[in-house]
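Please open the model in a viewer and keep the sequence panel beside it. The tour proceeds by selection, one region after another.

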Amino acid sequence: MPHLGKLGCGKYFGASWLLHRKLNYPDLVKFVHSCEYDLEKAKKCAKDFYWSRDAVPELFSGWDATLPHFQSVFDTVTYAIMPRRTPDNFRVIFNSLKTSDTTNYVIVDITKVTLMVVESIFLTEPTVSGIVIIQDLEKATFSHFVKYVWSLPRKIQVYFEDGVPLKREKVHLINCPGIVDKGLKFMGRMIRKEDRDRMQSYSGDDYSELYKFVPKDCLPSDVGGNLPPLEELHELTVQRLIDFKEVFQKHSPGVKTE
C-alpha cells in the first residue's frame with residue numbers, strides 16, 4: 001500500500017478543504033483506497049460524498065433503524081450483508097423484495113436504509129476491496145421501477161455514481177421476470193452506461209453462472225450457498241444497523257466531529 005504522505009494527499013486535496021471537513025489520515029485512506037490510489041478520482045469521490053450530504057441532508061440524517069418507518073422497510077425489503085468476503089476481498093450485499101405489493105415501498109426510506117448498509121461497511125472496513133450487490137427481483141413489478149424513478153431525489157445520483165467510497169464490482173440481478181428489461185429501459189435516463197455495464201441479469205433458478213462471480217461460501221442457502229438462510233442474515237444486518245445508531249449520528253450532516 002503506498003504511503004499517503006508520499007502521495008502528497010494533504011496538499012493535493014487542499015488543506016483548507018480538509019480542515020473544513022475535519023478529514024484526517026484514516027478518512028483519506030478510505031477514499032484513496034476505494035479509488036485504487038488514483039488521487040484525482042479520490043478527490044472527486046470525497047467531494048461528491050460530502051456534496052451529497054449538503055445537497056440532500058434529509059437522506060443522511062435520522063438514521064435510527066429502530067424507528068417505525070424503517071421497521072416498515074425491513075418488512076418490505078430484505079437487506080443482508082454476507083459475513084464472508086469474496087476471495088478478492090469484496091463484501092457482498094444481498095437484497096430482495098418480500099412482497100410485490102408497493103404500498104409500503106417508500107423510496108426515500110428504502111434509500112436511507114441502503115445508504116446505512118453501504119456506509120456501515122465504509123466506516124468499519126476501510127481497506128475492503130469494494131462491494132458486490134445481488135438483487136433478487138423475483139417479486140419486482142413495473143410499479144417498483146416507476147416509484148423509483150419518480151420518487152428518488154435526483155441529487156442523490158451524484159452519491160451513487162461517484163460519491164460512494166467503495167468500489168462497486170458487479171450488480172447481479174437474479175430471478176429476473178420479463179418486466180425487468182422494460183423497467184431498466186424505463187430507468188435508462190438515470191443510469192450511466194458504465195453502471196449498466198456492471199449489471200448482470202439471470203433468469204430462472206439456476207445460479208451456476210452467479211457462482212462464477214460469487215462463490216457459494218459467500219451466498220445464503222436460499223440460492224444454494226453455504227451461509228445461513230437469507231432471513232437469518234437479514235436479522236443480523238438489521239441488528240447491525242441498530243447498533244450503528246450513535247456512529248451514524250456522529251456522521252450526520254451538520255454534526256461537527258471533534
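The stops below run from the whole chain to the sheet, the cysteines, the enclosed spaces and two loop residues.

**Conventions**

This is a predicted model, in which local features need pLDDT of at least 70 and side-chain atom pairs count only at pLDDT 80 or more, while totals for chains, interfaces and linings use all residues. Residues are numbered from 1 along each chain as its sequence is written, and side-chain values use heavy atoms, with hydrogens and water left out.

**The whole chain**

Display the chain as a cartoon: it contains 14 helices and five strands. Helices (H or I, at least four residues) and strands (E, at least two) are DSSP runs, numbered from the N terminus. Colour by accessibility next; of the 258 residues, 47% count as buried. Buried means under 20% relative accessible area, exposed over 50%, and partly exposed in between (1.4 Å probe, protein chains only). Among contacts with a separation of 6 or more, 76% are between residues 24 or more positions apart, where contact means heavy atoms within 4.5 Å.

**The sheet**

Select the five strands, which form an open sheet of mixed pairing in the order S1-S2-S3-S4-S5. Two strands pair if DSSP finds at least two bridges between them. At the edges are S1 (77-81) and S5 (199-201), each pairing on one side only. From one strand to the next, the twist averages 15°.

Now select residues 130-136 and 168-174: these are S3 and S4, which run parallel and are joined by five bridges. Asp-136 has Ile-174 of S4 as its bridge partner.

Add helix H7 (residues 107-124), which lies across S1, S2 (90-97) and S3 at about 5° to S1. Helix H13 (residues 230-243) lies across S1 and S2, and runs at about 80° to S1. Axes are lines fitted to C-alpha atoms, for helices over the stretch in contact, and angles run from 0 to 180 degrees between N-to-C directions.

**Cys-35 and Cys-45**

Which cysteine sulfur is closest to that of Cys-35? It is the sulfur of Cys-45, at 4.4 Å, too far for a bond. A disulfide is a pair of cysteine sulfur atoms within 2.5 Å, and by this rule the count is zero. Both residues can be checked for accessibility: Cys-35 is buried at 14%, and Cys-45 is buried at 2%.

**A pocket and a cavity**

Keep Cys-35 selected and add Ser-34, Lys-41, Asp-162 and Arg-198; of the 18 residues lining the second largest pocket, these five lie nearest its centre. The pocket holds about 490 Å³ of space. H5 gives the most to its lining, with five residues; helices H9 (156-163) and H11 (193-198) are also among the elements giving two or more.

On a 1 Å grid over the protein atoms alone, a cavity is a set of points where a 1.4 Å probe fits but cannot get out, and a pocket is an open set with protein on both sides within 12 Å along at least five of seven lines; lining residues have an atom within 4 Å of a point. Grid points are joined across faces, edges and corners, and a volume is the space filled by probe spheres set on the points.

The structure holds two cavities of 30 Å³ or more. For the second largest, of about 30 Å³, select its lining, including Lys-30, His-33, Ser-34, Phe-122 and Leu-166. Helix H4 (residues 25-34) supplies the largest share of this lining, three residues.

**Two loop residues**

Most residues other than glycine have a negative phi. Select Tyr-37, in the loop between H4 and H5: its phi is positive, about 65°, and the residue is partly exposed at 21%. Finish at Asn-89, in the loop between S1 and S2, where phi is near 70° and relative accessibility is 24%, partly exposed.
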